[in-house]
Every structure is written in C-alpha cells, then in structure tokens.
Amino acid sequence: MKIVVCVKQVPDTAGGVKFNPDGTLDRGAMLTIMNPDDKAGLEAALRLKDQYGAEVTVVTMGLPKAEEVLREAMAMGADKGVLVTDRVLGGADTWATSTTIAGAIRNLDYDLIITGRQAIDGDTAQVGPQISEHLDIPVISYAQDIKIEGDSVIVERQYEDRYHVVKAKMPCLITALSELNEPRYMTPGGIFDAYKQEITVWGRADLKDVDDANLGLKGSPTKIAKASDKVRKGAGEKVSLDPDESVSYIVDKLKVKHVI
Amino acid sequence: MDFTLSKEHEMARALFKEFAEKEVKPLAQEVDETEVFPRATVEKMAKLGFLGIPVPKEYGGQGCDPLTYAMCVEELSKVCGTTGVIVSAHTSLCCDPIMTYGTEEQKQKYLVPLAKGEKLGAFGLTEPGAGTDAQGQQTKAVLDGDEWVLNGSKCFITNGKEADVYVIFAITGTVEKRGRMQKEISAFIVEKGTPGFTFGTKEKKMGIRGSSTYELIFTDCRIPKDNMLGQQGKGFNIAMHTLDGGRIGIASQALGLAEGALENTIAYVKERKQFGRAIGAFQNTQFQLADMATKVEAAQLLVYKAAMAKATQKVYSVEAAKAKLYAAEVAMEVTTKAVQLHGGYGYIREYDVERMMRDAKITEIYEGTSEVQRMVISGALLK
C-alpha cells in the first residue's frame, strides 16, 4: 500500500505571529511546528504502515525551510519526502494550494491520501477536500478512526454528537483530526537518518496538469482585506452570584448594551 | 570557528526537550518527594532509543555521536536531575565499557539489550574504603575452574537495585610495578540474580532522590570465566577510561540543572513583585542573572567541546575533567543563586529550584570529585 500524507509547516503559537505588508503571514520570520492535525494524519499513516505494511510519502508545500517538517516526518518513520517550493506558488489561498498539491500528487502512486482536517494558521479545513476534487477521488473528512479492509478503508467520521462509519474504495482521501491519536516521538537515530536521505524538490515545472491561472497569489480568489495579531482584551468584570441572580444579571447587561 | 549546531543536533535537542517537558517534568517533584525510581519514564525512554544514543546501530543503539547523548542528559536534567543521571550512568558507565572493551559475544549478549533499553546498566567501582583512591579496592575475584568467585562489596551504586547488568571491578592478584607490589584490578560483567549477589541498604540522599543508590554485596558470587571484561589486570585503566566518558555525562547533568534553575529564575523575577516593581527590574537581579547566564554558556561550551573530543580523539581525559569541574561548580553556584533570587519561596519544596540546588551538589562529588578533576587537569599541565 502506498500512502501520501500532506503536512504543513505552521507558526508555533508559542512564538509571536508576524505579517507581510500584504497581510499574508511572514513565515520565514516565525518559529514553526508541524500542523497538529497533519501530525495526527502522519501518525495514522505510520500506524497503518506498522499494521499492514505501507510506503509513506510526505508532501509539503512552502518555503525551502519547510523541508524541516519533512525531516521531522521521516524521523518519525515516513519513507520519502517531497517539497513543493517555487516563488510563483507563494501567497496561495486554499484553491491555489490544493491545485498545487494535487499537481504534485499526480506524479505519485497512491492508494490513500491523508491530510489534516485543518491548519492552525488558516483554519479553513478546505485544502484536503479540494485536493480530492482535483484528483476526482472520494473524500472522508474528520476521521477519528481508520481501518483497512481489502481495497477499502473504513473510517469513523466524527460529528458533533455521534460518528458515522463510512466505507470507501481506495484510492481515496481522508482528513484527520488531532484527536485521532497521540503522535509518536521521533527517535534520535531516526533524526540523523532523516538528514542523510534525499528529499525530492519540485517547482512549478514539475506540477502535472495545472494551469498557471490557478497558482500562487495571482491564482487565489481569496483577497485578504486586513490581518492583525490578536489584541489583548481588558480584564473584564468579575462578579460572584448564585445561578438565578447570574442569569438576570447577564440579561440586564445584554439589554443595556442593546444585544437583546 | 562556527559555534552553531547542525540541524540534526537542533532537531534532536527539540525532541529531548519535548520529551522532558511532557513526560519527565510533571513527575520530577513526586520522584524527589517519594524517592521512587521513575520506572515508567525509563520504559518510555527505552522505547525511543534514549538508552542507547551513542551505541552503534548494529548493537541495537541509535548510532548518534556523544554530543547528541550529552544533549539528551542535559535536557532531561533541566527538569529532573534524577532522570538525567539514570541515563548517564547506564550509558556512560555500563554501555560504554562493554562497547569499548567487550568481546563480540559480550556485546551481543549484554550491549544489545542494554542499548535497546530492555536492560538497565550500572557500574561498581566505589567501595566504603575506596572512593577517590580507587586503588584501595578490597573486593576480590578468584578463579575457580571455569568461574570467577567474587567476594566484597560496592557502595553508592547508581541504578543500584534497578539495573540488570553491572560492570564490577575486583582485585585478581598482585603485580610488581616499579619494585613495589600493587593490586591487580580486573573488570567483570555481573548479571542481577546471580547467586551470591545481593543488595545492601538503600542510601537516603540529599538530592537525585529518585535515583536508586544501593550497596552491592558479593558473597561467593560465581560468575562465568567469560564474563571478565577486557584483559586481566587492565581493570584500573578500564575504570579510568570509562570515568572520562562518565564525566561528560555528569557535566551534562550539571549543565542541565544550571540551565533549568536559570530558566525558572528568569520566569520568577518577571512575576514576583516587591516595592511595587517586578524584582527583575532591580539591578542586583539583572546583574546576578547576567553572571548566571554567562557561566551557564561557558559551561555549555566546555561540555560540548568535551563531547566532541570523545567523538574525535582517542584521549579526552582533560577535556572531560575541565567540563565536569566547571559545569558542576557552575551548577552549584547557579542553583544557589536561583534559590536566593526566589527568596523564601526558593527554600520551599514546592519550587523546583529548591530541588535543583540539592541535586546539583552531587555533581561536584560523584564520578570524580572536583578535587580529582583538578588533579587530572593539573597533572596534564605539569607532565
């Protein structure tokens, strides 16, 4: 079985957030981590590899320094890494990103593609399902459990108060939740091995069946009007009341502010 | 000269740091308070290969360099001195001599499970009457047929009761050296459970309280002839060479303790207010922190230099001695200052710096006291 896992290098929320003048994130200037949902997706792929045997290829799109997440993935146990990087691909929204990644994946053999549900920077949850549309394969989002049965996957798809059990024939795409599992640590030896391996680097010219009109900032329908760091709120007002009094207190406050 | 770490080393540090923060730090206070050996943590570390970092892959290890290993002990010790010394004693004092002096059979039988963390290692040189004077050994080994018969005792043994494999030193005879009769010391590999091998009292210590420190007792303990490590009579050299490596481990532990105390103090002085200001706004605090940070960085450079010397040089005794001497004394000084800057709270066990100060003291004593390190360093200067 061949599994492709899409991962994204995202700002570490422990560090500060920095913006470019055009409102996009200044990724080069921030501390970074592997996106948590993607890490869960990678762990799911590695568990399938442990259980059924599989070749796991990790794909990322980003600045050259995004290579770090591929090394990390390989130090956890992934077999190969593909970095898609090119100036013309920069500033991409979800549409341009999914177009790019689908263009890269068309060069690879796969039975299963796993992406994270969403990235902690954009929080759209759109890229995974869009990739499946581009590749014309089924998608099961919000996976909380994944099993393989013959040439199909059986996935528990999370809902607010229940889950659905969905079966799909491979090839298909699954988006993973960080609650899916507890990702494994790297190993010290795995880190040094990961840095000895070759990473495949692809640019615009290597993408298959994509149109320039759908790539990079120019190919992104999303326009960012304004972006800013979170502004600290004031301390607020603290009151200590019993439940009945609390309700009328809150209702009064909302009325005063014309919320209700 | 470039002082930047390679990307591999940076990533390895990030791994050790994440593990230490998530798995070790939450238990550090409890381990100290209850004096219970953190077995579950050791099992987690074993699974991740932390117990065989500098051991070649063909012997079950991770195949990394001594610097990676030093950084592991450093990061663990930043949050828990006990966990740091468990890894250090196991790796430097048990895996390393078997890796360096063991036969192929001994490596397969003992080093492979040690490096995989299936077994834990310890080292027995010190005796009640033989500390710094390691030649003052009393434990004897007599060959009887195909077996060595051990009699005597070892004290202050780290990983004492928790280990499975022990490198033990004993007198195997006398030799004439420069016209004087001297004890001939040899090294042996002893397995836990060997009849005649028992444990004495558990030591109640000032610091590293979760570390299992025991007396080992050998009473007509018979071990196979093949369990001699290295050549007969070469035990003293094996012990000294092993301790050179061990000192890099302890220097890393000391460095971690100093770094941990400094980090805690920086956070504390930003929060703690006196006279209407954070105490970090006072120049006394700032100057203390500046001195602490400078010494910590100097210690780190010496420790990393010694670790790199182990990777590239045949002899690195002086580098190891300097690293251990300086890092241990910096650990004691920085943790003491950390307690002082915490004021009354620093004296309370709820605050980590109190434990770190107690943990730091031993780094000036074990695996060669600071005085022994000065002897090694000055001995090389005046040779």
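## Helix α3 of chain A

In this predicted model, helix α3 of chain A runs through residues 94–105, and because a helix is expected to advance 1.5 Å a residue, its 12 residues should span 16 Å. The end C-alpha atoms of α3(A) are 16 Å apart, so the expected span and the computed one agree.

Helix α3(A) is also mostly covered, since 11 of its 12 residues are buried. Among them are A:Thr94, A:Ala96, A:Thr97 and A:Ser98 towards the start of the list, and A:Gly103, A:Ala104 and A:Ile105 towards its end. What do these buried residues pack against? Their partners in chain A are the strands β1 (2–6), β4 (55–61), β5 (80–84), β6 (112–116) and β11 (200–202), together with helix α4 (127–135).

## Chain A as a whole

Chain A contains six helices and 11 strands, and its C-alpha atoms fill a box of roughly 65 × 45 × 40 Å when this is taken along the principal axes. Of its 260 residues, 39% count as buried. If one takes the contacts in chain A between residues at least 6 apart in sequence, 70% of them join residues that are at least 24 apart.

## The nine-stranded sheet

Nine strands of chain A form an open sheet with mixed pairing, in the order β9-β8-β7-β10-β6-β1-β4-β5-β11. Its edge strands are β9 (163–169) and β11, each of which pairs on one side only. On average, neighbouring strands of this sheet are turned by 30° against each other, with direction ignored. Helix α1 of chain A (residues 36–52) packs on the sheet, where it touches β1, β4, β6, β7 (139–149) and β10 of chain A, and the direction of this helix makes about 150° with that of β6(A).

Two pairs of strands illustrate the mixed pairing of the sheet. Strand β10(A), residues 172–176, runs parallel to β6(A) and is joined to it by five bridges; one of the residues concerned is A:Ile113, whose bridge partner in β10(A) is A:Leu173. Strand β8(A), residues 152–158, instead pairs with β9(A) in the antiparallel sense over seven bridges, and A:Val155 stands opposite A:Val166 in β9(A). The strands β8(A) and β9(A) form a hairpin, with four residues between them.

## Helix α2 and A:Leu70

Helix α2 of chain A covers residues 67–76 and is mostly covered, with nine of its 10 residues buried. The buried residues include A:Val69, A:Leu70, A:Ala73 and A:Met76, and also A:Glu68, A:Arg71 and A:Glu72. After α2(A) comes A:Gly77, whose phi is positive, near 135°.

Why does A:Leu70, a residue of helix α2, count as buried? The reason is that A:Leu70 has 27 C-beta neighbours inside 10 Å, where a residue needs 20 or more to be called buried. Leaving out residues up to four places away in sequence, A:Leu70 touches A:Val58, A:Thr60, A:Gly81, A:Leu83 and A:Ile199. By contrast with these contacts, A:Gly150 lies 80 residues from A:Leu70 along the chain, and the C-alpha atoms of the two are separated by 29 Å.

## The nonpolar core

The largest nonpolar core has 178 residues, and those with the most contacts inside it are A:Val5 and A:Ile174 from chain A, and B:Phe188, B:Ala258, B:Val303 and B:Ala327 from chain B. Apart from its neighbours within four places in sequence, A:Val5 is in contact with A:Gly41, A:Leu42, A:Ala45, A:Val56, A:Val58, A:Ala78 and A:Ile114.

## Chain B and its contact with chain A

Which residues of chain B does B:Gly245 contact, beyond its neighbours within four places in sequence? They are B:Ser92, B:Asp96 and B:Lys310. B:Gly245 is found in helix α6 of chain B, residues 235–271, and counts as buried because 27 C-beta neighbours lie inside 10 Å. The C-alpha atom of B:Gly245 is separated by 29 Å from that of B:Val149, a residue 96 places away along the chain.

Where the two chains touch, 14 residues come from chain B and 11 residues from chain A. Helix α1 of chain B (residues 7–34) gives the most to the side of chain B that touches chain A, with six residues. By type, the residues on that side of chain B divide into seven nonpolar, four polar and three charged.

Key:
Residues are numbered from 1 along each chain as its sequence is written. Chains are lettered from A and ligands numbered from 1 in the order in which they are written. This is a predicted model: local features need pLDDT of at least 70, side-chain atom pairs count only at pLDDT 80 or more; totals for chains, interfaces and linings use all residues. The expected span of a helix is 1.5 Å times one less than its number of residues. Two residues are in contact if their C-beta atoms, placed from the backbone, lie within 7 Å. Ala, Val, Leu, Ile, Met, Phe, Trp, Tyr, Cys and Pro count as nonpolar, Asp, Glu, Lys and Arg as charged, and the others, Gly among them, as polar. A nonpolar core is a set of buried Ala, Val, Leu, Ile, Met, Phe, Trp, Tyr and Cys residues joined through C-beta atoms within 7 Å. Two strands pair if DSSP finds at least two bridges between them. Axes are lines fitted to C-alpha atoms, for helices over the stretch in contact, and angles run from 0 to 180 degrees between N-to-C directions.
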